[in-house]
Amino acid sequence: MIEFDAVRKEYPDGTVAVERCSLTVPSHRVVALVGSSGSGKTTLLRMVNRMVEPTAGRVLIDGVDVRSMDRVKLRRSIGYVLQAGGLLPHRTVADNVATVPVLEGRPRRQARADALGLLERVGLDPALADRYPAQLSGGQQQRVGVARALAADPNILLMDEPFGAVDPIVRDQLQQEMRALQADIGKTILFVTHDIDEAFALGDEVVVLRTGAEIAQRGTPAEILADPADDFVAHFVGAGTARRTLRIREVDGRSIVVDGDDRPTGVLER
Amino acid sequence: MIEFDAVRKEYPDGTVAVERCSLTVPSHRVVALVGSSGSGKTTLLRMVNRMVEPTAGRVLIDGVDVRSMDRVKLRRSIGYVLQAGGLLPHRTVADNVATVPVLEGRPRRQARADALGLLERVGLDPALADRYPAQLSGGQQQRVGVARALAADPNILLMDEPFGAVDPIVRDQLQQEMRALQADIGKTILFVTHDIDEAFALGDEVVVLRTGAEIAQRGTPAEILADPADDFVAHFVGAGTARRTLRIREVDGRSIVVDGDDRPTGVLER
Amino acid sequence: DPLDEGETTAPSGDEGGTTLVVGSQDYYSNEIIAELYAQALEAEGFRVDRQLRIGQREVYMPEIESGAIDLFPEYTGPLLQYWVQDPPERLGDEVYDALVEAAPEGLTILDQAEATDQDSYVVTREFAEQYDLTTVADLANVDEPLTMGANSEAETRPNGPMGLAEVYGIDVGFTPIEDGGGPLTIQALQSGDIQLAIVYTADPTIAQNDLVVLEDTEGLFLASHVVPVASDKVDDDAQEIVNDVSEALSADALIALNRQSVEQQSPAADIARAWLEEEGFLD
Amino acid sequence: MNWLSQNLHIVGQLLVDHLLLSIPPILLSLAISVPLGRLAAGSPRWRTPLLTGTGLLYAIPSLSLFIIIPPVLGLPLRSPATMITALTVYGCALLVRGAADAFGSVPDEVRLAARATGHSRWAMFWRVELPLAGPVLLSSLRVVAVSTVSLVTVGAVIGIASLGTLFTDGFQRGIDASIWTGIVLTVAVAFLLDALCVVAARVAMPWQRVVSRA
Amino acid sequence: MNLFAEALQWLLDPASWTGPTALGSRILEHLAFSGAVLLVAAAIGVPLGVLIGHTGRGRGAVIAVTGGARALPTLGLLTLFGLGLGIGLEAPFLALLVLALPPVLAGAYAGVESVDRATVGAARAVGLTERQILTGVELPLASPVIVGGLRSAALQVISTATLAAYVADTGLGRPLFLGLKTQQYDQMLGASILVALLALVVELCFQLAQSAAVRRAEPHRARLGDRERIEA
Ligand SMILES: Nc1ncnc2c1ncn2[C@@H]1O[C@H](COP(=O)(O)OP(=O)(O)OP(=O)(O)O)[C@@H](O)[C@H]1O
Ligand SMILES: Nc1ncnc2c1ncn2[C@@H]1O[C@H](COP(=O)(O)OP(=O)(O)OP(=O)(O)O)[C@@H](O)[C@H]1O
Ligand SMILES: [Mg+2]
Ligand SMILES: [Mg+2]
């Protein structure tokens with residue numbers, strides 16, 4: 001469990017990225033932070049592994065203030081997945097996955113063997129182990145990033161727009177696999193995105209943030225879509241827009257769901 | 001009207017980008033070419049303004065073979081929008097928009113006045129006119145690119161993944177504005193993308209291409225989604241995937257449309 | 001007899017474990033002489049460290065005076081000028097005696113050789129005939145501006161334009177050519193870029209190119225015999241060997257050595273070895 | 001050719017001298033420039049003085065530098081130490097900027113990812129920053145290697161033996177072959193050291209091969 | 001350090017500014033000679049480099065030639081040309097030209113090549129002629145790099161022009177060589193300091209030129225760039 005206790009962050013240049021935020025991420029659940037650019041999502045996320053130190057307030061992991069922990073150790077004990085994978089371009093896929101175990105002193109050979117297992121787990125052919133990141137597609141790199149985050153078997157995963165750089169089709173696929181993986185491993189995941197669809201797809205709970213990381217609404221995806229707390233949230237999730245306002249049209253004897261602009265989005269299951 | 005008459009393109013290194021392709025783009029309509037990377041979309045598009053010369057076959061504009069026209073004049077008479085705008089980084093926004101009119105001898109002051117009007121037309125504050133491209137966001141640059149393409153009031157617009165480099169939310173917005181704009185100006189548009197959703201959103205007709213620019217299916221978005229011609233097209237549009245397989249769920253007394261993964265996509269209009 | 005002495009000196013070289021450092025100017029002729037000393041010494045069992053081609057007098061002399069270099073082929077007149085401002089002596093033996101007198105503590109001036117390598121003013125035959133030149137003083141006849149070519153240091157040395165003006169009252173321009181009176185200087189002379197050059201008298205190119213050496217009636221150039229300068233580390237045995245070499249080194253011999261260097265393009269060590277063999281220093 | 005066949009062993013000796021004068025300054029300037037470059041890249045406060053300072057050094061003519069260094073450091077004029085110091089100064093003048101650019105070229109995301117995965121400062125430098133700075137560093141190092149080899153020849157003017165001696169000697173004696181030999185060998189040594197840098201870099205940076213192909 | 005004081009004294013001594021060292025005219029000679037070399041190098045190197053950058057033809061040759069030329073020892077060329085051409089300015093002029101051409105050529109070529117191909121493609125697509133692309137797009141965008149090449153050539157020429165005194169009566173190499181040959185450290189050092197100062201002044205001029213070029217090529221960034229340079 002991760003608790004943000006009245007945290008605030010003011011950067012040296014005076015920007016207040018997080019005004020005052022209290023939030024709990026229950027164990028084994030995925031909480032998706034969603035908000036527009038600059039709303040303070042990344043800042044909030046990075047407080048957990050002390051990449052950002054709050055100006056006020058505390059962050060607790062299972063009740064322990066992170067400030068009492070050694071930074072480097074803390075970071076190694078938490079999985080972190082960034083946009084575009086954040087892989088080390090000069091290390092092979094296997095070495096990338098084994099980064100933390102090797103830093104922790106695990107023998108290279110064992111760490112490598114473990115890495116191969118993890119690659120399979122995230123749906124990658126272990127034959128890719130000796131490639132370099134540049135030889136992989138964006139989606140594959142992203143999977144390696146997830147494998148690396150899992151390598152030290154952390155309880156907590158922090159994911160910062162991990163699928164933001166891949167194209168929509170691959171992103172859909174990665175999101176699906178992520179759901180399957182989480183069903184299996186049940187980590188505590190804090191997931192940041194500015195794509196509400198992604199938040200709906202992955203979050204057990206979704207937290208919609210305003211500027212300054214002010215919580216506008218918190219709930220399950222369906223709750224938020226069905227009953228947005230206010231205009232801001234309604235606008236953010238696109239309630240009432242052409243995109244969210246669906247109708248059913250019959251084409252060639254099938255029921256096609258089209259949006260307010262008549263653009264087909266899918267086929268209705270009978 | 002643009003007609004591709006059995007065109008073929010073999011690059012000097014032996015790559016056959018376009019095998020043999022015949023295609024008509026009716027006047028005042030948007031035809032979206034969609035296909036995976038390397039399928040020959042860009043090659044096909046560039047044959048229209050002679051950036052690429054076909055190895056065999058002809059391209060006709062309103063019945064006239066483009067080979068009989070002067071290249072430079074032809075290009076100035078056709079609007080071209082590329083990914084990331086393709087703006088000249090050392091010219092202001094207004095100068096960029098006025099490029100072709102100035103080349104054609106229109107007095108600078110008038111060209112500039114026209115440019116301000118065009119900026120408004122594509123939804124940009126004319127106050128941005130004196131900025132340089134690097135001072136604009138990706139979405140704004142893209143709009144400038146469209147404004148520039150419209151500056152000479154061409155009948156034809158060629159658009160090569162114009163919104164490929166901007167993030168999904170901005171892309172949605174640009175797509176909507178593009179539809180509104182086209183409703184107003186009614187140009188003949190050949191639009192290239194590898195995002196099927198974008199093709200569905202913008203194309204009056206969608207042409208799905210296989211490698212070598214072979215036409216796999218041609219039709220309206222709804223036709224293609226409802227009745228994919230073959231497995232390739234079905235796979236390409238994602239027919240049968242969770243994303244396209246929608247159901248209706250009642251939440252808080254409203255009908256929410258959810259996809260195969262239970263992810264809410266919109267609210268059903270009554 | 002060098003052989004006899006060789007037998008007695010050889011142990012002294014080995015026992016003491018001393019190595020004699022032999023230096024030379026950055027000038028091929030001087031390098032050949034240094035090789036003569038070095039190889040003659042080696043033939044008698046001395047160990048020699050060569051520090052050849054190390055620049056002009058002002059660069060190496062501090063090293064000799066500090067004892068970093070033990071043996072160096074020098075030239076009597078210029079060396080005297082280095083130690084004594086405007087010495088009155090002009091002729092060979094006078095200069096030599098004055099030099100022995102002037103040498104600082106710790107340095108020994110060994111016997112001078114007959115060979116001289118003296119700076120001299122040369123002009124082309126054609127130019128000499130045009131203005132009827134035989135002596136330096138005749139340069140006063142010349143009614144066109146004169147330019148002298150030489151290494152840049154000549155510009156401020158007593159034998160350069162300044163000395164010429166002072167002693168002979170003749171004003172000349174100056175162009176530096178850093179080849180020590182070598183091919184470029186000759187070429188410049190022949191092409192008329194310069195009219196007057198400083199060339200060493202032992203330089204074979206004088207004869208080759210039919211140049212005229214102007215007689216130095218006022219003694220602007222001091223006698224310039226080849227003379228070894230030695231440190232205390234050069235013991236009596238070694239001194240004898242070097243003196244023997246000097247004794248054998250006649251004026252013609254030096255020109256012949258120089259000619260081999262320029263014409264046959266042989267390395268200094270080879271030229272020196274051949275000569276020493278011929279003269280019976282090696283076997 | 002006559003000249004060359006007679007002087008082979010001298011040329012050989014000068015070649016060795018040349019190498020002995022070239023290699024130490026290349027290595028020394030690398031060793032000095034990497035930490036300085038890292039400092040300049042990482043701290044805006046140090047960047048300007050370091051880069052301006054080393055940049056100005058480059059404006060000093062090589063011949064002047066050979067002359068200025070002995071009195072400053074109390075070295076004899078005509079010693080290899082003078083030469084090596086001077087060339088190291090030159091090497092640094094180029095390499096500090098090169099190293100600063102090299103460290104600046106390490107993508108911020110990669111740095112961030114390394115920090116997030118729990119690299120300590122030390123691990124960060126050795127395991128992430130230095131290897132990733134490698135390619136840009138290499139291109140500066142190659143320039144330094146080649147220009148050092150070429151500059152060594154200037155020392156012949158003040159009596160430091162190297163292949164440059166073939167120029168001054170050939171010039172005095174009017175032997176073209178000597179100068180030609182000097183030029184050809186200098187270029188050859190430069191190419192040799194350049195090639196060594198490239199080979200060393202290929203071995204040290206295996207990922208570069210695939211990246212440049214990709 | 002004492003020596004630097006002596007060098008300074010020598011520089012301030014009126015006698016140094018007359019007679020054989022005549023610093024005033026030596027400085028002018030040095031500048032004029034270096035300037036002439038640079039002009040010729042620019043006249044040859046810039047058009048050639050731009051052409052190669054624009055067409056992409058001869059790319060490999062440029063890289064090989066500029067890399068190889070960098071390894072050529074100037075002293076070797078100088079003595080070789082000297083033997084062939086005799087005394088005077090011709091030999092040092094040629095030797096320095098060989099020194100200056102590679103950076104100029106590489107700058108011009110790399111500058112044009114560094115212009116984003118997509119930008120050039122876009123310019124072509126909207127109907128600019130090849131000539132308009134060259135003068136209106138590639139040249140302005142490449143100008144900072146082109147000027148950078150000239151700048152590094154100028155620096156090298158000015159500092160290497162001292163060697164010209166090896167075969168010609170010109171430039172600041174004269175007092176430097178004279179000091180070297182007669183072991184007058186103050187003079188040698190003084191002359192060296194003058195050359196370094198000269199190089200610095202020229203460097204500053206080129207920095208101004210380069211920021212002007214940057215202002216043209218990257219107008220939005222120019223202000224920031226200026227600040228950085230003024231600090232520098
Ligand atoms: N190091 C920093 N120094 C100063 N301001 C910062 C810093 N990092 C972030 N900010 C500012 O803090 C605010 C919140 O930034 P943050 O990166 O947390 O937002 P975000 O929600 O992650 O945005 P995005 O979706 O663009 O990633 C922004 O206004 C940002 O400009
Ligand atoms: N100038 C060229 N020379 C050689 N091959 C080329 C050239 N341009 C494109 N190709 C090749 O032709 C094929 C089609 O390229 P094209 O750019 O038309 O594809 P595309 O559908 O636009 O792809 P993308 O979605 O990646 O832009 C590809 O295999 C490509 O590698
Ligand atoms: Mg963020
Ligand atoms: Mg394309």
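Reader: What makes the approach of Ser39(B) to an oxygen atom of ligand 2 a polar contact?

Author: In this predicted model, a backbone N or O atom of Ser39(B) lies 3.2 Å from an oxygen atom of ligand 2. A polar contact asks for N or O atoms within 3.5 Å, so the pair qualifies. A polar backbone atom of Gly40(B) is 3.0 Å from an oxygen atom of ligand 2, and for a polar side-chain atom of Thr42(B) the distance to an oxygen atom of this ligand is 2.5 Å. As for cover, the protein buries 62% of the 630 Å² that ligand 2 exposes when taken alone.

Reader: Which residues surround ligand 2, and what are they by class?

Author: There are 13 residues around ligand 2, and the closest are Ser37(B), Gly38(B), Lys41(B), Thr42(B) and Thr43(B). Two residues of the shell are nonpolar, eight polar and three charged. Helix α1 (residues 41–48) of chain B provides the largest share, three residues.

Reader: Turning to ligand 1, how do you know that Glu161(A) makes a polar contact with it?

Author: A polar side-chain atom of Glu161(A) is 3.3 Å from an oxygen atom of ligand 1. That distance is within 3.5 Å, so the pair counts as a polar contact. Polar backbone atoms take part as well: that of Gly38(A) is 2.8 Å from an oxygen atom of ligand 1, and that of Ser39(A) is 3.2 Å from one. Ligand 1 on its own has 630 Å² of accessible area, of which the protein covers 62%.

Reader: And what makes up the shell around ligand 1?

Author: Here 14 residues surround the ligand, with Ser37(A), Gly38(A), Lys41(A), Thr42(A) and Thr43(A) the closest. They divide into two nonpolar, nine polar and three charged residues. The element that gives the most is helix α1 (residues 41–48) of chain A, with three residues.

Reader: Let's move on to the rings. How many aromatic pairs are there over all chains?

Author: Searching the whole structure gives 16 aromatic pairs. One of them joins Phe163(B) and Phe191(B), with 6.2 Å centre to centre and 55° between the planes.

Reader: Why is the pair of Phe163(B) and Phe191(B) called tilted?

Author: The 6.2 Å between the centres is within 6.5 Å, so the rings pair. An angle under 30 degrees would be stacked and one over 60 edge-to-face; 55° fits neither, so the pair is tilted. Phe163(B) lies in the loop between β7 (156–160) and α7 (168–185) of chain B, while Phe191(B) is in strand β8 (residues 188–193), so the pair ties together parts 28 residues apart in sequence.

Reader: Are these two rings' residues, Phe163(B) and Phe191(B), buried or exposed?

Author: Phe163(B) has 2% relative accessibility and Phe191(B) 1%. Buried means under 20%, so both residues count as buried.

Reader: What makes the pair of Trp122(D) and Trp126(D) edge-to-face?

Author: Trp122(D) and Trp126(D) are 5.9 Å apart centre to centre, with 70° between the planes. The angle is over 60 degrees, so the pair is edge-to-face. Both residues lie in helix α7 (residues 121–152) of chain D, four residues apart, or about one turn of the helix. Ring pairs also link Trp122(D) and Trp126(D) with Phe103(D) and Phe125(D) into a cluster.

Reader: How do Trp122(D) and Trp126(D) count by accessibility?

Author: Trp122(D) is at 65%, which is over 50%, so Trp122(D) counts as exposed. Trp126(D) is at 45%, in between the 20% and 50% cut-offs, and therefore counts as partly exposed.

Conventions. Residues are numbered from 1 along each chain as its sequence is written. Chains are lettered from A and ligands numbered from 1 in the order in which they are written. This is a predicted model: local features need pLDDT of at least 70, side-chain atom pairs count only at pLDDT 80 or more; totals for chains, interfaces and linings use all residues. Side-chain values use heavy atoms; hydrogens and water are left out. Rings of Phe, Tyr and Trp (its six-membered ring) pair if their centres lie within 6.5 Å; planes under 30 degrees apart count as stacked, over 60 as edge-to-face and the rest as tilted. Helices (H or I, at least four residues) and strands (E, at least two) are DSSP runs, numbered from the N terminus. Buried means under 20% relative accessible area, exposed over 50%, partly exposed in between (1.4 Å probe, protein chains only). A residue is near a molecule or strand if one of its heavy atoms lies within 4 Å of it. A polar contact is a pair of N or O atoms within 3.5 Å; within protein, one must be able to donate a hydrogen and the other to accept it, and residues adjacent in sequence count only if both atoms are side-chain atoms. Accessible areas come from the Shrake-Rupley method with a 1.4 Å probe; for residues, only the protein chains shown count as cover. Ala, Val, Leu, Ile, Met, Phe, Trp, Tyr, Cys and Pro count as nonpolar, Asp, Glu, Lys and Arg as charged, and the others, Gly among them, as polar.
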